[in-house]
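Subject: A structure for you to look at

Hi,

Here is the structure I promised to pass on to you. Have a look at it first, and then read my notes below with the model open beside you.

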Amino acid sequence: MAAWAMLTGRKLKSGSYDDWRKAWWGDEDEVPSGMTVYILRKIGDPGDVIAFGMFEGSQEDLEGMRPEPGAEAERQARMAPFVDSVFADGMYEVVEKIES
């Protein structure tokens, strides 16, 4: 079974994490079945935030999880006031997993 990661790295405006977090993925939204979502904050610079989700399944299943273009545009607009820049954004196939 294939594994996938959706990842975005952002530089947030100072002190805006809580507002960004609510705009990024509100409390009322559910994580899609089979996906695990992480939010990382850089040690020493908590304005650098990486959000990513991991999913195992087919690429078609992954594509089926994507929000409608209009809904995604609305979500991006809600986040925009709290974001200075985006330094990474994309969907990635996991090609190797190394564990101990």
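Let me begin with a question: which element gives the most to the lining of the second largest pocket? The answer is strand E3, with three residues. Before we return to that pocket, please keep in mind that this is a predicted model.

**The overall layout**

The chain has three helices and four strands. If you follow the sequence from start to end, you will meet them in the pattern β-α-β-β-α-α-β. Along its principal axes, the C-alpha trace spans about 40 × 35 × 20 Å.

**The sheet**

The four strands form an open sheet, and their order across it is E2-E3-E1-E4, with antiparallel pairing. E2 and E4 are the edge strands; each has a single partner strand, so one side of each has no neighbour in the sheet. From one strand to the next, the twist averages 15°.

Helix H1, which covers residues 17-24, packs on this sheet and touches E1, E2, E3 and E4. The direction of H1 makes about 160° with that of E2.

Now try tracing the pairs of strands one at a time. E1 and E3 run antiparallel and are joined by nine bridges. One place to look is Ala 5, whose bridge partner in E3 is Met 54. Met 54 is also the bridge partner of Thr 36, so do look at that residue from both sides. E2 and E3 pair in the antiparallel sense as well, over eight bridges. In that pairing, Val 37 has Gly 53 in E3 as its bridge partner, and Lys 42 stands opposite Asp 45 in E3. E2 and E3 form a hairpin with two residues between them. Gly 44 sits in the turn and has a positive phi of about 90°.

**A residue in H1**

Tyr 17 is a good residue to click on, and you will find it in helix H1. Which residues is Tyr 17 in contact with, leaving aside its neighbours within four places in sequence? They are Leu 12, Ile 39, Arg 41 and Val 49. You can also use Tyr 17 to practise reading distances: Tyr 17 and Ser 100 are 83 residues apart in sequence and 33 Å apart in space, from C-alpha to C-alpha.

**The largest pocket**

How much space lies in the largest pocket? The value is about 850 Å³. This pocket is lined by 30 residues, and the closest to its centre are Trp 25, Met 65, Pro 67, Glu 72 and Arg 75. The elements that give two or more residues to the lining are strands E1 (3-12), E2 (35-42), E3 (45-56) and E4 (83-93), together with helices H2 (59-65) and H3 (69-79). H3 gives the most, with six residues. Sorted by class, the lining has 16 nonpolar, four polar and ten charged residues.

Arg 75, one of the residues closest to the centre of the largest pocket, deserves a second look. Arg 75 lies in helix H3. The side chain of Arg 75 makes a polar contact with the side chain of Glu 72, at 3.0 Å. Glu 72 is also among the residues closest to the pocket centre. Not counting residues up to four places away in sequence, Arg 75 touches Ala 23 and Trp 24.

**The second largest pocket**

Back to the pocket from my opening question. The second largest pocket has a volume of about 150 Å³. Its lining is made of Ala 3, Gly 34, Thr 36, Met 54, Phe 55, Glu 56, Val 94, Glu 96 and Lys 97. By class, that lining has four nonpolar, two polar and three charged residues. You have already met two of the names in this lining, Thr 36 and Met 54, as bridge partners in the sheet.

Enjoy exploring the model, and write back with any questions.

Best wishes

Notes. Residues numbered from 1 in each chain as written. Predicted model: local features only at pLDDT ≥ 70, side-chain atom pairs only at ≥ 80, totals over all residues. Heavy atoms only, no water. 1 Å grid on protein atoms, 1.4 Å probe; cavity = no way out; pocket = protein on both sides within 12 Å on 5 of 7 lines; lining within 4 Å. Points joined across faces, edges and corners; volume = space filled by probe spheres on them. Nonpolar A, V, L, I, M, F, W, Y, C, P; charged D, E, K, R; others polar. Pairing = 2+ DSSP bridges. Polar contact = N/O pair within 3.5 Å; in protein donor to acceptor, adjacent residues only side chain to side chain. Contact = heavy atoms within 4.5 Å. Axes fitted to C-alpha atoms, helices over the stretch in contact; angles between N-to-C directions.
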